[in-house]
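Okay, thanks everyone, let's get going. Have a look at this one on the screen, and then I'll talk you through the parts I picked out.

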Amino acid sequence: MAYSIEKKGKTVQEAISAALEELQLTQDDVDIEVIEEGNKGIFGIIGSKVARIRVTVIEKEEKNRCDIASDFLYTILNNMGVEADINVSEDEESIVVDINGDNIGIIIGRRGETMDSLQYLTSLVVNKEYEDYKRVILNVENYRQKREETLVKLANRLADKVVKYKKPITLEPMNPYERRIIHSSLQGHKYVETYSTGEEPKRKVVITLK
């Protein structure tokens with residue numbers, strides 16, 4: 001049932017302002033019914049009547065994070081002229097978004113930069129109205145898994161070179177996600193270790209002998 005309150009005032013607007021202040025809402029959030037217009041009477045005294053209104057809070061359909069993420073991304077992709085299927089799932093810690101379709105490389109961008117930007121924006125949108133924070137993981141055409149497999153192979157291949165030639169190797173700049181993959185894949189290596197150097201966004205991973 002919708003919540004309503006009644007307020008009185010010298011004028012209708014005064015009564016409305018009092019109601020909105022009590023509810024901590026704006027006029028867009030409520031329906032207003034004028035019960036008594038009110039009037040000043042003769043000389044502002046004789047026969048005067050106060051204004052009386054009823055304010056009802058508009059019940060808005062609540063959207064969950066999955067709906068918010070889906071609606072936001074569909075709007076973005078439509079504006080980009082991209083047709084794609086969006087599947088959103090949620091667990092206790094994260095929102096996982098899978099995007100699939102034809103010719104959607106534009107969503108990935110160079111080395112996933114566009115995809116990472118979309119992921120960041122989606123995270124801002126879905127967490128805006130919630131007190132708890134959930135990480136958003138956005139994946140396009142399974143790009144992240146394919147990229148992870150490529151980086152793991154690269155890390156192991158370069159580690160072999162470091163061992164063979166006994167010289168450290170510095171990789172090209174990578175984002176934090178990709179650097180973590182390199183570090184993690186060589187964490188238990190017997191002969192090499194890794195560390196990061198430089199400043200964002202040109203921070204790099206170095207593979208060196210232990």
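So, which helices and strands each supply at least two residues of the lining of the largest pocket? Those are H4, S6 and H6. Before I go further, keep in mind that this is a predicted model.

Let me give you the layout. The domain assignment splits the chain into domain 1 (4-57), domain 2 (65-141) and domain 3 (145-209). If you take the C-alpha centres of domain 1 and domain 2, they sit 45 Å apart. There's also a database annotation: UniProt, in an unreviewed entry, puts a domain feature called R3H at residues 145-210. That span is 47% helix and 21% strand, and its end C-alpha atoms are 29 Å from each other.

Back to the pocket. Its volume comes out at about 550 Å³. There are 23 residues in the lining, and the ones nearest the centre are Asp116, Met174, Asn175, Pro176 and Tyr177. H4 is the top contributor, with five residues. Chemically, the lining of this pocket has 11 charged residues, nine nonpolar and three polar. And where is the pocket relative to the domains? Domain 2 and domain 3 both give residues to its lining, so the pocket lies between them.

Now the cavity. How many cavities of 30 Å³ or more does the structure hold? One. The largest cavity holds about 30 Å³ of space. Its lining is made up of Arg111, Gly112, Met115, Asp116, Tyr143, Arg144, Arg147, Asn175, Tyr177 and Glu178. By class, that's five charged, three nonpolar and two polar. Helix H4 (113-127), helix H5 (143-165) and helix H6 (176-185) each put in at least two residues, and H5 gives the most, with three. Domain 2 and domain 3 both contribute to the cavity lining, so this cavity lies between them. If you're flicking back and forth on screen, Asp116, Asn175 and Tyr177 are among the cavity-lining residues, and they're also among those nearest the pocket centre.

Next, packing. The largest nonpolar core has 23 residues, and the ones with the most contacts inside it are Leu73, Val97, Ile99, Ile107, Leu138 and Val140. Helix H2 (65-79), strand S4 (85-90), strand S5 (94-100), helix H3 (105-108), H4 and strand S6 (135-140) each supply at least two residues of this core. H2 has the largest share, six residues.

Last bit: backbone oddities. As a reminder, most residues other than glycine have a negative phi, and most peptide bonds are trans. Here, the peptide bond from Glu200 to Pro201 is cis, with omega near 5°. You'll find Pro201 in the loop between strand S8 (192-197) and strand S9 (204-209).

Then there are two positive phi values to look at. Asn142 has one of about 60°, and it isn't a glycine. Asn142 is in the loop joining S6 and H5. Is Asn142 exposed or only partly exposed? Its relative accessibility is 32%, so Asn142 counts as partly exposed. Lys166, also not a glycine, has a positive phi of about 55°. That residue is in the loop between H5 and strand S7 (169-170). At 60% relative accessibility, Lys166 counts as exposed.

That's what I had, so over to you.

Methods:
Residues are numbered from 1 along each chain as its sequence is written. This is a predicted model: local features need pLDDT of at least 70, side-chain atom pairs count only at pLDDT 80 or more; totals for chains, interfaces and linings use all residues. Side-chain values use heavy atoms; hydrogens and water are left out. UniProt positions are given in the numbering used here, feature names are shortened, and annotations may be inferred rather than shown by experiment. Helices (H or I, at least four residues) and strands (E, at least two) are DSSP runs, numbered from the N terminus. On a 1 Å grid over the protein atoms alone, a cavity is a set of points where a 1.4 Å probe fits but cannot get out, and a pocket is an open set with protein on both sides within 12 Å along at least five of seven lines; lining residues have an atom within 4 Å of a point. Grid points are joined across faces, edges and corners, and a volume is the space filled by probe spheres set on the points. Ala, Val, Leu, Ile, Met, Phe, Trp, Tyr, Cys and Pro count as nonpolar, Asp, Glu, Lys and Arg as charged, and the others, Gly among them, as polar. Domain bounds come from an automatic or database domain assignment. A nonpolar core is a set of buried Ala, Val, Leu, Ile, Met, Phe, Trp, Tyr and Cys residues joined through side-chain atoms within 4.5 Å. Buried means under 20% relative accessible area, exposed over 50%, partly exposed in between (1.4 Å probe, protein chains only).
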